[in-house]
Amino acid sequence: MSADIVFAGVVNGLMAGGVYVLVAVGLTLIYGVLHIINFAHGSLLMLAMYAVYFLFRKPLGLDPYAALPLVTAGAFAFGYLLYRGVIGRFAHGKDENILLITLGLSIVADNAALFFFTGDTQTIDVSYAGRFLQLGPALIPLPKLVSFLASLLICALLGLWMAFTDTGKAIRAVAKERQGARLVGIDVENIFAIAYGIGIACLGAAACLLMPFFYVSPSSGHAFVLIAFTTVVLGGMGSFAGALIGGLLIGIVESLGGLRFGEQLGQIAIPLVFILVLLLRPTGLFGGR
Amino acid sequence: MARKQSRFGVSRRSFVGGAGALSVGLAGFPAILGAQAKAVKVGLIHPVTGFVAYNGQQSRLGATMAIEDVNKAGGVKSMGGAKLEALLGDSQSKVEVGVSEVEKMNEAGASAFIGCFQSPVGIAATQAAAKYNTPFLIDVGASDQLVRRGLKNVFRLKPGFGKCVDDGIAALGAINKGAGSPAKSAVIVHESGEFGTGTAKLLAGKLPSIGIEAKELIPHDNPTRSFDNIALRIRSMAPDIVMMSNYGNEYMLLARTLFQQKVELKGMFSVLGGGFNYKFVKDMPDVSQFMMDTNHWFNPRSEASQALKKRVEAGGALFTFEVYLSYTNVMLLADALERAQSADKEKLIAALAASTFKAELMPYGPTKFVDGQNEGGLPAVMQSLKGEIEVISPEQFASAKAVFPRPKFT
Amino acid sequence: MSRRAMLWCAAGLLVAILYPLLFGGPSLIARSNYAINVAFLILFAAFLGQSWNIAGGYAGQTSFGHVVFFGTGAYVSTILHVSHGWNPWLAWPVAIASGGLVGAIIGVLSFRAGLRGSYFALITLAFAEVFRIVANSIPQTRGGLGILIKADQRPENFQFRDPMWFYYLALVLCVIGLAIAWWLTRSRFGARLAAIRENEDAAMALGIDVFREKVRVLALSGAMCAAGGTVYAQKYLYLDPSIAFGVEKSVEMLLVSMIGGAGTIFGPLIGSGVLHLVGEITRDLGNVVPGIKNAQPLALIVYGLILVVIVAYLPDGLTGLLRRRR
């Protein structure tokens, strides 16, 4: 492979990674704090993307980037209520049960979408979708550049929020030591719901950034789930920096793997990375437990 | 341990309870309507949920519309006006569910089946139906493994991918020659499943015969998140033509990526391009402009097909190939029933095997089934021009002339 | 086993053996291949679920990628049969052994690295993905084209015209699975696994070679699951990477055990029965509800809700419910 192709591949990988980061951040937060593997992650991403689609359509005609604060807030509320109303209520604290509940929820969400929105794939056509930034041999589509930068920004903001606000600190406390946090008077159930809500809010943001260059259909969220899991594992469950670096790394590995070994076989890089990290360094790059 | 007793008690209860629930389920399905002549039950098995739910639902739409039409026109006249009754089945894209539906519908008295969109489901379901010698009409299913297996009950009206590739290549060869043969190389992008791989291999084998070199075959997964890298490789290989064989979402994403990156090509030509349809062309007129596809299409010069198109669109649906293929298959079945004068399976199979049914809606030659495959089935080659889909080949059905090579991006 | 329990067992077995004669063959009631087929699916899923249960329920090693064993078994026997002319009955033990081998390898790799709980679950998922992608890419499996087994429905070919025989085969496998589970409740091996499940560190402190036992149970589980893979391939006569290694099968295996009650003998069977019946009934619902243009997804929505409800109110699975009632 020529140096040009490698360079362009790396750039493409970074851009793809930006999206993985955002999806993974939500997952890692949910796992780190609640210790649940959120099977519903892909389905919830899909619902958020539908929201972006409907907001874009006439008569609202809202640009996805302009809609970002709205969709993110809405996703937070949805996630919070979902946790409070269903997941937290029915899980009885058993890990396997939460898994099954999130699985059941994803079946419901996927088919509700199918029923109400039909199986048609929907896309949005933003005016700036065809614009490019040319970086040597690499062509970066504008929406992907935006998504990359926005992901980094959101990650950074979230990290700061977690570090410096009371709620953020409470979340970290609960993640580290549940019982202890209860003992010092933290409302753990509320924190769980907030953490889940933030995780879903990240999906809301990801949806706004994805729609300009992807599509939505009732089964489109699942395309990102395994790779998000890989990112979380690579970066370390519960670590934001891990999700960030992990996501970008995975993007690059996937991209170069695909170029070198062909798109089909190259996909093997993802589960292989996953396996190697788990076998050799299960805490991931930045995980600390 | 005291637990054991309850566990074993449950097992007996679960069997009995299970059998009870099962018989309730069977008795309740399907609702039987009283009619003067006994209705002919047609089992429709399509993936109406899951990844390809849209396609399955379109198939079901076409079949149920056709059944209604047959009944409105008086049913099967040689059988005393017997009406057709649809038994609706969801294969959920799974082989075992498709087979289960065959069994269930067989119990319900299905005289024929129509299905299944996905070839693996079709392969297994037709085999299951073969046990009862029930005719099975494949409305959509590209694999050539569906027919010519020695199963007498299988009939496929539409051409398989072998034929589609042959005709597509021939058309491409003619178009290329007519433009002075500007195209010498091609890259084939395909989905990594049965349909994409099979089609791509056939294409790669036949391209040299029209003077085009297949530079590379690029398989991709379903779903694919981004085609940036494939676009990158295509840019670096600089082929004259990009050929595609994949499902709707990936087809659309790839086309959009290549368009947005302004990759210079003489043309884009797909065989059984999953995404080449009205929605694509209407939603993305710029991206789809000049793209060509070899696919199942209706005969644009047939009044009946234009009328059906209007009806389907008036109902808010798109006139996609699943609709008119399953519609036509119901008509094929109705015609065979007329000639067999009964729903007896042996007679029906014989009537189908000897069928000379005129497929009004389709640009086909005369119907002739050989080993289950209709030799008269033809694909059409279409091109998206100015937001419309025009048929550019075969000539006798064409509605426009091909534009090739496509103009450069300026 | 108490006499009463043995009587229940025998009664259940008798019903199961006679079941097809009610619905098939020289029948008293009208022949229903559909009923036999559904029963086959229930028993088959129960057997696969039991294979998961051995590792996940009894030993506490939850896996999300169990389909890797299923697909391995299916492909090994199919490739030996189609490409090398082996008789499928002879290829079957090879397939079973390869399932066990894959189980052992995954076990050695994962447990050597000390993976537990969710980490182990996720790595099994990744292994299944690797196998799927490899199956899609190598010529031996014909990649995405899949392998078609020629229909030659004679018993010596491991193919049966009458689905009743597949039902009996599934019944035999299911009974074997139950026997293995029962053996686990009685044997030292099973006791060691239970100790590992309850508290791995304590088990180690008790002198149990935790690593060895976990690898063994995963190998056993893999072998069982692979046996099912071959049967599936021989029944449906078509195999491709997404059928063999798709994640839905892993989920199904996990689901039937957890719903029925993980770590119990009859859990997977109960779970399988309930889920299949719910599935059949809700799928019917989709066709019968009038006035709705596209009712099919509603059926699956109901299915998902039922799942949530079962988990919400019956956290120990259905056997938990019955334990409480007694």
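**Strands, helices and a cavity in a three-chain predicted model**

Let me begin in chain B, where strand S8 (residues 241-245) and strand S9 (residues 267-271) pair in the parallel sense over 4 bridges. Two strands are said to pair if DSSP finds at least two bridges between them. Strands (E, at least two residues) and helices (H or I, at least four) are DSSP runs, numbered from the N terminus.

Some conventions come next. This is a predicted model, in which local features need pLDDT of at least 70 and side-chain atom pairs count only at pLDDT 80 or more, while totals for chains, interfaces and linings use all residues. Residues are numbered from 1 along each chain as its sequence is written, chains are lettered from A and ligands numbered from 1 in the order in which they are written, and side-chain values use heavy atoms, with hydrogens and water left out.

To return to S9(B), B:Ser270 in that strand is the bridge partner of B:Met244. How many of the residues of S9(B) are buried? The count is 5 of 5, where buried means under 20% relative accessible area, exposed over 50%, and partly exposed in between (1.4 Å probe, protein chains only). B:Gly267, B:Phe269 and B:Val271 point one way from the strand, whereas B:Met268 and B:Ser270 point the other way. That agrees with the general rule that side chains alternate between the two faces of the sheet in a regular strand.

The wider sheet of chain B is open and mixed, with 7 strands in the order S7-S6-S8-S9-S10-S13-S14. Its edges are S7(B) (213-220) and S14(B) (388-393); each has a single partner strand, so one side of each is left without a neighbour in the sheet. On average, neighbouring strands are turned by 25° against each other, direction ignored. Helix H7 (residues 228-237) of chain B packs on this sheet, touching S6(B) (185-191), S7(B) and S8(B), and its direction makes about 170° with that of S7(B). Axes here are lines fitted to C-alpha atoms, for helices over the stretch in contact, and angles run from 0 to 180 degrees between N-to-C directions. Contact means heavy atoms within 4.5 Å.

Chain B also has some backbone features to note. As a general matter, most residues other than glycine have a negative phi, and most peptide bonds are trans. A cis peptide bond joins B:Ser393 and B:Pro394, with omega about 0°, and the bond from B:Phe404 to B:Pro405 is cis as well, with omega near -5°. B:Phe117, in the loop between strand S3 (110-115) and H4 of chain B, has a positive phi near 70°. B:Phe117 is buried, with a relative accessible area of 10%.

I turn to the internal spaces. The structure holds 7 cavities of 30 Å³ or more, and the second largest has a volume of about 200 Å³. Which residues lie closest to the centre of the second largest cavity? Of the 16 that line this cavity, they are B:Gln127, B:Ala128, B:Lys131, C:Gln153 and C:Lys235. A cavity is a set of points, on a 1 Å grid over the protein atoms alone, where a 1.4 Å probe fits but cannot get out; lining residues have an atom within 4 Å of a point. Grid points are joined across faces, edges and corners, and a volume is the space filled by probe spheres set on the points. Helix H4 (119-130) of chain B, helix H6 (163-186) of chain C and H9(C) each supply at least two lining residues.

H9(C) (residues 210-236) has 27 residues and reaches 39 Å from its first C-alpha to its last, close to the 39 Å expected at 1.5 Å a residue. That expected span is 1.5 Å times one less than the number of residues. In H9(C), 23 of the 27 residues are buried. C:Leu237 follows the helix, with a positive phi near 60°. C:Leu237 is also among the residues touched by C:Ile147, which is buried at a relative accessible area of 3%.

Finally, chain A. Strand S1 (residues 132-135) and strand S2 (residues 138-141) of chain A pair in the antiparallel sense over 4 bridges. They form a hairpin with 2 residues between them, and A:Gly136 in the turn has a positive phi of about 65°. In S2(A), A:Ile140 is the bridge partner of A:Leu133. Both faces of S2(A) are covered: A:Ala138 and A:Ile140 on one side, and A:Leu139 and A:Pro141 on the other, are all buried.

Technical notes:
On a 1 Å grid over the protein atoms alone, a cavity is a set of points where a 1.4 Å probe fits but cannot get out, and a pocket is an open set with protein on both sides within 12 Å along at least five of seven lines; lining residues have an atom within 4 Å of a point. Lists of a residue's contacts leave out its neighbours within four places in sequence.
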